[in-house]
Amino acid sequence: MEAEAINLALDSLWVMVAAILVIGMQAGFALLEAGSTRMKNSGHVAGKQIVSFAIATLAFWAAGFAITFGEGNSIIGTSGFLLHESSSSTFSSLDWANVPLSLKFLFQLGFVGVSLAIAWGGFAERAKLSVYIIFGTLFTVAIYPVIGHWVWGGGWLGTMGMQDFAGSTVVHLQGAVAALVATMLLGPRIGKFNKDRTPNLIPGHNQVYTVLGGILLWVGWFGFNAGSTMAVGDGFFGYVALTTNLAAAAGALAAIAAAKVLTGKADIPAMVNGVLAALVAITAACAFVEPWAAVVIGAFAGAFTFWTSLYFERKGIDDPIFAFSVHGIAGIAGTISTGLFASPRLVEITGIGKAGLLYGGGFDQLITQTVGVLGAAVYVGAVSFLILYALKRTIGLRVSAEQELSGLDISEHGSYGYPEQLDPSLLKEAK
């Protein structure tokens, strides 16, 4: 009994630390997105993270957690609403984690907050605050938990043996697809494209914020991936942390190289996005691949997603922080990668799925991973479109042209994020 009590205490402490790291990624997103957008919108972009996480907390507690992990069918969970554990089997899909239910909830809540933060990238600098509130609530109860149940809650993809250890698809692809739908329905920012559809550069106002946000996210990812072991006894969390860090490092350097080749410049935001794309890609694979494969996955994600960010922009898609490339394309690549690189010894340790094609496992796992990606993308895309199209036809998605030009800080919140630089009354005083 004493050994069991010690294990429970250690596992619980680790999950609490991991939850704090993942929830702390909200600060990383606030800095990253604010730094990557214009000064006149910086307060709005950063401040909406507070609103976003508050919405996610209440909606996931009320319904999202139950739909994700509650007992139900292969599509959704139907029990455990308001975090009520009516029987020992209510959240049986999480029985493998030897920690209290409250900690399981807090840890998973951090994931929802990240997915929602990703989605907001497609809304940046032109969406109404009311849209954030309504869509954020519906995303947390009708979109995210459904895919979560399919993969992690005992649903049909989990039964097939889909390998998504910490959420390349469940967390990142979901947020990215929602961001893409929003980007397309909102349309580009004023001044982004010329009449001939060639893009204009709209630089972020503070690259230091962008870099700091990226570093905070990199650190938070140790809670994201390694924390998903939800245990410390066998030390496997350390291995997951290793593959995570190797991928991130490879992504940073590959993105710099790709930027230099494609644009002639060692672009700093590209470097940050290379790290994030690599982290997104390794999130599914971190517990299934060998270190060398983690480097390959990270390098591919960092370089390829930089190219896709340029490609989508040339096609007229104004994605202010390249959310779909960084979290969507990399999420797809990372999820499918285990169908190639999943190591037999690691599959045996995790007990999920089969070995990859390169290890003689055949096409089975590759097919499973591809089906999972397609199923998630279609569902999230369709439901996001229905919700956002309904909002567009009723309350409207976008602020007026006048409000957009003046900036969302002043038009939505009544004050500037940088009053000394933007407030006309203060500027007059300075003169």
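**A walk through an all-helix chain**

Start with the contacts: among those in the chain with a separation of 6 or more, 75% join residues 24 or more positions apart. Keep in mind as you click around that this is a predicted model.

**Whole chain.** Switch to cartoon view and you'll find 18 helices and zero strands. Zoom out: along the principal axes, the C-alpha atoms fill a box of roughly 75 × 50 × 40 Å. The radius of gyration is 21 Å, which agrees with the value near 22 Å for a compact globule of 431 residues.

**Surface.** Turn the surface on next. The chain exposes about 16,800 Å², with carbon and sulfur atoms supplying 69% of that. Now colour by charge: there are 21 positive and 25 negative charges, and their mean positions sit 16 Å apart.

**Core.** Hide the surface and head inside, since buried residues make up 55% of the 431 in the chain. The largest nonpolar core has 107 residues; select F123, F135, Y144, F224, V289 and L388, the ones that touch the most other members.

Stay on F123 and show its surroundings. Leaving out residues up to four places away in sequence, F123 touches V131, Y132, F135, A178, A182, L186 and L388. Two of those, F135 and L388, were in your last selection too.

**A serine stop.** Finish at S337, in helix 12, which covers residues 323-341. Is this serine buried or exposed? Its relative accessibility is 5%, so S337 counts as buried, the cut-off being under 20%. Show the neighbours: beyond four places in sequence, S337 is in contact with A285, I297 and A342.

Notes:
Residues numbered from 1 in each chain as written. Predicted model: local features only at pLDDT ≥ 70, side-chain atom pairs only at ≥ 80, totals over all residues. Heavy atoms only, no water. Helix = DSSP H or I, 4+ residues; strand = E, 2+ residues; numbered from the N terminus. Rg over C-alpha atoms; globule rule 2.2 N^0.38 Å. Buried < 20%, exposed > 50% of the residue type's maximum accessible area, 1.4 Å probe, protein only. Contact = heavy atoms within 4.5 Å. Areas by Shrake-Rupley, 256 points an atom, 1.4 Å probe, with all protein chains shown as cover. Lys, Arg positive; Asp, Glu negative; His and termini not counted. Charge placed at Lys NZ, Arg CZ, Asp CG, Glu CD. Core = buried A, V, L, I, M, F, W, Y, C linked by side-chain atoms within 4.5 Å.
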